[in-house]
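User: Please take a close look at one helix in this model and then follow its surroundings outward into the rest of the chain. Cut-offs should be stated where terms first appear.

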Amino acid sequence: MDIIILFGPPGVGKGTQATLLADKLGFKHLSTGELLREAIKHKTKLGKEVEEIISQGHLVPDALIAEIVEQFLAKHSTCEGFILDGFPRTVRQAEMLNKFLAIKQLGKVHIINLFAPEDELIARIHLRAKKEKRADDTGEAIHQRMRVYLQETLPVLDYYTGKCGLDSIDGVGDIKKIHKLILAALA
Ligand code: AMP
């Protein structure tokens with residue numbers, strides 16, 4: 001079983017590419033953001049705990065993320081592989097993932113680092129806000145998420161450098177073309 005981490009800033013297209021990749025490879029798509037939004041929608045205990053944190057663009061505590069990731073991996077333990085979208089987002093989470101993989105004897109990790117200029121990302125997020133009405137796709141929350149990405153998430157790339165496959169791919173352009181570039185990097 002392989003693990004593909006789709007890495008990159010908010011708005012770069014991780015969700016879109018993760019969905020395409022999961023379909024193509026028959027892997028399970030884990031989006032921590034999507035699981036958290038579902039919890040908020042269904043007003044679960046977790047949902048109530050994280051709603052304000054997310055709407056302000058902050059990160060949900062690592063311990064809560066560990067719980068939902070562990071549950072997800074256990075629930076889908078027989079699948080071919082996983083596409084991770086939005087996780088790990090801190091070095092601490094990357095260390096947690098390592099432990100899960102070692103315990104469950106899951107296979108190798110490959111990182112696809114999608115990148116795009118910040119003005120393009122902000123424009124895309126504004127467009128998505130109109131369609132999906134995400135609470136964190138507006139105002140100050142967008143800038144807070146960008147800051148969090150630079151300060152807390154980007155160091156995850158350093159953490160993985162030299163430890164696993166890592167390809168950087170331009171996230172600007174035709175969705176299908178980017179998908180093909182990702183497949184080629186993974187081949
Ligand atoms: P996303 O859909 O990946 O952009 O995530 C939306 C929001 O959910 C983020 O801005 C965080 O508040 C929260 N979130 C999602 N994944 C994580 C994670 N791995 N660690 C901490 N917070 C997360």
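Analyst: **Helix H4 and its surroundings**

In H4, the buried residues are Leu64, Ile65, Ala66, Ile68, Val69, Phe72 and Leu73. Here buried denotes a relative accessible area under 20%, exposed one over 50%, and partly exposed anything in between, with a 1.4 Å probe and protein chains only. Helices (H or I, at least four residues) and strands (E, at least two) are DSSP runs, numbered from the N terminus. The model is predicted, so local features need pLDDT of at least 70 and side-chain atom pairs count only at pLDDT 80 or more, while totals for chains, interfaces and linings use all residues. Residues are numbered from 1 along each chain as its sequence is written, and side-chain values use heavy atoms, with hydrogens and water left out.

The length of H4 agrees with expectation: at 1.5 Å a residue, its 14 residues should span 20 Å, and its end C-alpha atoms are 20 Å apart. The expected span is 1.5 Å times one less than the number of residues. As background, an α-helix has 3.6 residues a turn, so residues three or four places apart point the same way.

H4 (residues 62–75) packs with helix H2 (residues 32–41) at an angle of about 100°, and the two axes are 11 Å apart. This angle makes H2 roughly perpendicular to H4. Axes are lines fitted to C-alpha atoms, for helices over the stretch in contact, and angles run from 0 to 180 degrees between N-to-C directions. Angles under 35 degrees count as roughly parallel, over 145 as roughly antiparallel, 65 to 115 as roughly perpendicular, and the rest as oblique.

The residues that meet are Thr32, Leu35 and Leu36 from H2, with Ile65, Ile68, Val69 and Phe72 from H4; contact means heavy atoms within 4.5 Å. By class, the contact of H2 with H4 has 6 nonpolar, 1 polar and no charged residues. In this scheme Ala, Val, Leu, Ile, Met, Phe, Trp, Tyr, Cys and Pro are nonpolar, Asp, Glu, Lys and Arg are charged, and the others, Gly among them, are polar. Ile65, Ile68, Val69 and Phe72 are also among the buried residues of H4.

Phe72 leads on to strand E2 (residues 28–31), where His29 lies. Leaving aside neighbours within four places in sequence, His29 is in contact with Gly15, Ala18, Thr19, Ala22, Phe72, Ile83 and Asp85. The C-alpha atoms of His29 and Ala18 are 11 residues apart along the chain and separated by 6.5 Å. At 24% relative accessibility, His29 counts as partly exposed. In helix H1 (residues 14–25) lies Thr16, whose C-alpha atom is separated by 8.1 Å from that of Ile175, 159 residues apart along the chain. Thr16 counts as partly exposed at 40% relative accessibility.

Beyond H4, the loop between H4 and strand E3 (81–85) holds His76. At 15% relative accessibility His76 counts as buried, and it touches Lys28 and Phe82, not counting residues up to four places away in sequence. Cys79 is likewise buried, with a relative accessible area of 17%. The sulfur of Cys79 is 18 Å from the closest cysteine sulfur, in Cys164, too far for a bond. A search of the whole structure finds 0 disulfides, a disulfide being a pair of cysteine sulfur atoms within 2.5 Å.

Two backbone features deserve separate mention. Most residues other than glycine have a negative phi, and most peptide bonds are trans. Lys43, in the loop between H2 and helix H3, has a positive phi near 50° although it is a residue other than glycine. At 61% relative accessibility, Lys43 counts as exposed. A cis peptide bond joins Phe87 and Pro88, with omega about -5°, and Pro88 is found in the loop between E3 and helix H5 (91–104).

Farther along the chain, Pro155 is in helix H8. Apart from neighbours within four places in sequence, Pro155 is in contact with Val91 and Leu150. The C-alpha atoms of Pro155 and Thr90, 65 residues apart along the chain, are separated by 7.4 Å. Pro155 counts as partly exposed at 28% relative accessibility.
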